[in-house]
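Student: How do I read charged side chains in a model, both those that are paired and those that are not?
Tutor: Take each residue in turn, look at its burial, and then look for its partner.

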Amino acid sequence: MRTIDCFLPYTSMEAVMPFVNELRNNKKINRIFLLAGEENHLTIHGCEIIPVKNLQCTDMIHKIASAAKAGMAFVCWTQRVVEPGLYALERMVSVLEDTQAVMVYADYYKKMEGEVKPHPVIDYQAGSLRDDFDFGPCILYNTVAFKEAAARMELERRYGAPYELRLRLSECGELIHINEYLYTVVETDNRKSGEKMFDYVNPRNREVQLEMEQICTAYLKRIDGYLPPVFKPVAFDTGSFAFEASVIIPVRNRVRTIEDAIRSVLIQETTFPFNLIVIDNHSTDGTSEIIQKYTSDTRVIYLVPERTDLGIGGCWNMGIHHPECGKFAVQLDSDDVYSSAATLQKIVNAFYEQQCAMVVGTYQMTNFEMQEIPPGIIDHREWTPENGRNNALRINGLGAPRAFYTPVLWEINLPNTSYGEDYAVGVRISREYQLGRIYEVLYLCRRWEGNSDASLPVEKMNSYNMYKDRLRTWELQARINQNRGNG
């Protein structure tokens, strides 16, 4: 029985015909459609042409839904060359039928410069709200579910239609990951992970991000995960503090950068007393000796944990619970520096002016010599006081530098991890309190080969993304419970 309608983007005959020929020989294929630019006038034997504006718009989703008549719809979402594996489509069909899922996706191989490498993806969960979640380009849908989801997409999207489609699909069934390598993609983007990770905050993509926020917010409202702009007040009168602010630097083996970080703190000019708490997590490369050069300054507190099981979050907890921690705890990574002597004063002022429990500033991407590099200034201007707490569940980071009203952190603590710990506490605080923003550069974020995320293998990136998705899953459930009176 022929059960599948296939939809492939057309770029050129050379790119698409090998895939088309593979499908023609598959007895499960009902019809083959090519998604071509509206200016193309193609005639390809055995294929029907669907003119589309682009692969991201709602009009294309509606055209696929209208054309699909078979029980399943296979869609390729990339214009890169795709090489299907042996009986790959049959495997996807089998899993879709056995699980009664609304959609299945699979691991795949990447071919780059002649070399083929595995590219595993991760399981979908409730908190997988990132619009850049990697499903891979080849997806098999239950046609009835696809049509129902498409019918509910009433607003025309220019960029986020596939994102809205899968959010709506997730409301009516499971999105199943087949952890088997079922096809190969010829990759053309050879940038390292540390270069790709800031794509979503590139100012050139702001219009795209605003549309993605609208889609995510509408989804949160449908599932009772949306929080209105009503916030718990912050009185700033909890506890007694000798210091108004403490800069906290967890560090391990940063002999090339720690001195710059420390100096950028000690030159701060403020109207209040502040100190610097450095938690040296058992460095072995000379970092400790550099820090100790500055301990004669009474503002510098040098801590070495007795424990050996602390990540960055654990070191932060050690810092905020130190008896000399200030009223506000301010972040500085050991790779980075404050951009001027006024940074700390501006951050503390923002707490009082914006009546918030957390402040996030703006940073500038630089190389090791602190010269600006693309994408330049990262200001997260997509954040709004009214909807930032909801959009925080879609984006993968909140910005830098980050600062906290210390008594709030005492109640929450940071997870003892070395990735995502700042995001975890940020979304948790935003559930109750307003987050303040400063839209001028306060911080220079240095990118160099020593960054922990400079060039990560896909397996490590997957573990990081899975963890942040898990954080979002927990936070989303907490918000739903709160809205439904269960929290």
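Student: Is Asp132 buried, exposed or partly exposed?
Tutor: This is a predicted model. Asp132 has a relative accessibility of 46%, so it counts as partly exposed.

Student: Which residue forms a salt bridge with Asp132?
Tutor: The partner is Arg130, with 3.3 Å between the closest N and O atoms. Arg130 is buried, because its relative accessible area of 4% falls under the 20% cut-off.

Student: Which other side chain does Arg130 meet in a salt bridge, and at what N to O distance?
Tutor: Arg130 also pairs with Asp469, at 3.2 Å from N to O. Arg130 sits in the loop between β7 (115–119) and β8 (138–142), whereas Asp469 belongs to helix α15 (residues 458–483), so this salt bridge ties together parts 339 residues apart in sequence. Asp469 has 0% relative accessibility and therefore counts as buried.

Student: Which residues do the shared partners join into one network?
Tutor: The network consists of Arg130, Asp132, Asp469 and Arg472, joined by salt bridges that share partners.

Student: How many salt bridges does a search of the whole structure find?
Tutor: The search finds 30. One of them joins the side chains of Arg91 and Glu180, with an N to O distance of 2.7 Å. Arg91 is in helix α3 (residues 88–99) and Glu180 in strand β9 (residues 175–186), so distant parts of the chain, 89 residues apart, are linked by this pair.

Student: Are Arg91 and Glu180 buried, exposed or partly exposed?
Tutor: Arg91 is partly exposed, at 35% relative accessible area. Glu180 is also partly exposed, at 29%.

Student: Now for a charged residue without a partner. Which side chain of opposite charge is nearest to Glu421?
Tutor: That side chain is Arg402, 5.5 Å away. A salt bridge requires the nitrogen and the carboxyl oxygen to lie within 4 Å. Glu421 is buried yet has no salt bridge.

Student: Where is Glu421 found, and which residues is it in contact with, leaving aside neighbours within four places in sequence?
Tutor: Glu421 is in helix α14 (residues 421–430). With those neighbours set aside, Glu421 contacts Ile312, Gly313, Leu414 and Pro415.

Key:
Residues are numbered from 1 along each chain as its sequence is written. This is a predicted model: local features need pLDDT of at least 70, side-chain atom pairs count only at pLDDT 80 or more; totals for chains, interfaces and linings use all residues. Side-chain values use heavy atoms; hydrogens and water are left out. Helices (H or I, at least four residues) and strands (E, at least two) are DSSP runs, numbered from the N terminus. Buried means under 20% relative accessible area, exposed over 50%, partly exposed in between (1.4 Å probe, protein chains only). Lys and Arg count as positive and Asp and Glu as negative; His and the chain ends are not counted. Contact means heavy atoms within 4.5 Å.
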